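Dear colleague,

I am handing over the structure below, and I would be glad if you could look through it alongside these notes. My reading of its disulfides comes after it.

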Amino acid sequence: SEAMTGDGADYKGVQSYTRDGRLCARWDVQTKVPRYNSEDYPNSNLILNYCRNPYNDTDLNKAATIWCITSDAETVWGECLPVGVIQPECDGGYAVKSKT
């Protein structure tokens with residue numbers, strides 16, 4: 001489901017791209033931020049390369065929305081929008097990386 005409330009801790013959708021179009025890395029093989037894994041965040045559903053908002057109640061840093069570690073060598077992480085959520089219109093237009 002693409003349903004999301006609040007900070008997205010309950011998000012179980014299939015978004016796998018950041019807001020700016022970067023492909024998310026698989027949680028189980030990414031090495032940029034190794035502490036984000038299904039063992040340390042067992043209730044966050046860190047599967048495949050889907051955007052999530054993993055945190056534990058004791059974490060000092062908590063994101064405001066869903067995000068992912070990117071597969072882009074230059075960008076560690078990025079925020080995501082659930083599939084089907086349209087970004088606000090941009091005065092300068094949109095950059096499209098591919099037709100899919």
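What follows is an account of the disulfides in this structure, which is a predicted model.

Taking a pair of cysteine sulfur atoms within 2.5 Å as the criterion, the count comes to 2 disulfides. With the bonded cysteines counted along the chain, the pairing in the protein chain follows the pattern 1-3, 2-4.

One disulfide is formed by Cys24 and Cys68, with a computed S to S distance of 2.0 Å. The angle about the S-S bond of Cys24 and Cys68 is -75°, and the link is accordingly described as left-handed. Cys24 belongs to the segment that comes before strand S1 (67-69), while Cys68 sits in strand S1 itself, so this pair ties together parts of the chain that are 44 residues apart in sequence. As for accessibility, Cys24 and Cys68 are both buried.

Another disulfide joins Cys51 to Cys80, and here the S to S distance comes to 2.1 Å. This pair, too, links distant parts of the chain, since Cys51 is found in the segment before S1 and Cys80 in the segment after strand S2 (77-79), with their positions 29 residues apart in the sense that they are 29 residues apart. The link of Cys51 and Cys80 is left-handed, with a value of -70° about the S-S bond, and both Cys51 and Cys80 are buried.

With best regards

Terms used:
Residues numbered from 1 in each chain as written. Predicted model: local features only at pLDDT ≥ 70, side-chain atom pairs only at ≥ 80, totals over all residues. Heavy atoms only, no water. Helix = DSSP H or I, 4+ residues; strand = E, 2+ residues; numbered from the N terminus. Buried < 20%, exposed > 50% of the residue type's maximum accessible area, 1.4 Å probe, protein only.
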